[in-house]
Amino acid sequence: MNAGVQNIMLSLGAMQGIPFDDPAVLNYVRVGYVLSQVIILGTYFYVSYKIKQKNDQTVLKYDISLIHFQSPGSGGLVTTTVRDYDLSETSKALRGAYFGVAMMAFFHLYMKYTQPLFIQALMGLKNLYDAKVVAIHVLGKVADGDLARPFKAASMFGAAAGPQTDAASIAEAEKKVGTKKEE
């Protein structure tokens, strides 16, 4: 099932019958939210530690010109290492978690909404479980198939879109970079 549909179903199912007006329940929800965020941030910091510990210097080349809209003639070739790629993906996930905490602080403290705390606690843990760097470095899954680097972004409307890793795309991107340097 698509991740977006799962999120909607989880949100709708989780909200049924929880009395957020009760101060004791609200305090439990707050503690649960804080605990889930501590688990999420701690896991991402642990993933960063494991990536740095492995120090995988395997070269990774991919073409991003089809993903990001770039000016004509600019090469979309990215050359990095597995270590640096995984650290950048972990950094993106951490920024997403920080943004979620900031949004919840605004919604709960300023706007006085309580229901999003419970939903975000569950969604954050689900997103943590679905994170590809967590699957590779914490759960010990092999980086093949859907977990092959560079990661393909899941699309709500069909097949996953991601960077081009085939030899022809990389050679074409290298030519674009080469001609740009000559000019």
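Reader: Let's start with the salt bridge of Lys126. Which side chain does Lys126 meet?

Author: The general idea is a side-chain nitrogen of Lys or Arg within 4 Å of a carboxyl oxygen of Asp or Glu. Here, in what is a predicted model, the side chain of Lys126 pairs with that of Asp130 at 2.7 Å, N to O.

Reader: And where do Lys126 and Asp130 lie?

Author: Both are in helix H4, four residues apart, which is about one turn of the helix.

Reader: Is Lys126 buried or exposed?

Author: The cut-off for buried is under 20% relative accessible area. Lys126 has 15%, so it counts as buried. Asp130, at 37%, counts as partly exposed.

Reader: How many salt bridges turn up in the whole structure?

Author: Four, if you search all of it. Another one joins the side chains of Lys92 and Glu89, with 3.0 Å from N to O. That pair sits in helix H3, and because Lys92 and Glu89 are three residues apart there, about one helical turn separates them. Lys92 has 45% relative accessibility and counts as partly exposed.

Reader: What about a salt bridge that links distant parts of the chain?

Author: Take Arg149 and Asp86, whose side chains meet at 2.7 Å, N to O. Arg149 is in the loop between helix H5 (132–137) and strand E3 (153–155), while Asp86 is in helix H3, and their positions lie 63 residues apart in the numbering, so to speak: they are 63 residues apart. Asp86 is buried, with a relative accessible area of 1%.

Reader: Staying with Arg149, what is the peptide bond from Arg149 to Pro150 like?

Author: For a peptide bond, omega is the angle to look at. From Arg149 to Pro150 omega is near -10°, and the bond is cis. Pro150 belongs to the loop between H5 and E3.

Reader: Now backbone phi. Which residues should I look at, Asn55 for one?

Author: Check the sign of phi, and check whether the residue is a glycine. Asn55 isn't a glycine, yet its phi is positive, about 50°. You'll find Asn55 in the loop between H2 and strand E1 (59–63), and at 40% relative accessibility it counts as partly exposed. Lys112 also has a positive phi, about 65°, without being a glycine. Its place is the loop between H3 and H4, and Lys112 is exposed, with a relative accessible area of 62%.

Reader: How do I read the packing of H2 and H3, and at what angle do their axes cross?

Author: Compare the N-to-C directions of the two axes: an angle over 145 degrees counts as roughly antiparallel. The axes of H2 (residues 23–54) and H3 (residues 82–110) come within 9 Å and cross at roughly 165°. That makes the two helices, H2 and H3, roughly antiparallel. Their crossing is left-handed.

Reader: On to the surface. Which residues make the nonpolar patch?

Author: Tyr46, Tyr49, Tyr129, Val138 and Leu139 make it, over about 520 Å². Tyr129 comes from helix H4 (residues 115–130). With a relative accessible area of 53%, Tyr129 is exposed.

Reader: Last one, the overall layout. How many helices and strands are in the chain?

Author: Six helices and four strands. Along the sequence they follow the pattern α-α-β-β-α-α-α-β-β-α. Of the 183 residues in the chain, 32% are buried.

Notes
Residues are numbered from 1 along each chain as its sequence is written. This is a predicted model: local features need pLDDT of at least 70, side-chain atom pairs count only at pLDDT 80 or more; totals for chains, interfaces and linings use all residues. Side-chain values use heavy atoms; hydrogens and water are left out. Patches are made of residues with over 30% relative accessible area and no salt bridge: like charges are joined within 9 Å, nonpolar side chains (Val, Leu, Ile, Met, Phe, Trp, Tyr) within 5 Å. Accessible areas come from the Shrake-Rupley method with a 1.4 Å probe; for residues, only the protein chains shown count as cover. Buried means under 20% relative accessible area, exposed over 50%, partly exposed in between (1.4 Å probe, protein chains only). Axes are lines fitted to C-alpha atoms, for helices over the stretch in contact, and angles run from 0 to 180 degrees between N-to-C directions. Angles under 35 degrees count as roughly parallel, over 145 as roughly antiparallel, 65 to 115 as roughly perpendicular and the rest as oblique. A crossing is left-handed if the near helix is turned anticlockwise from the far one by less than a right angle, and right-handed if clockwise.
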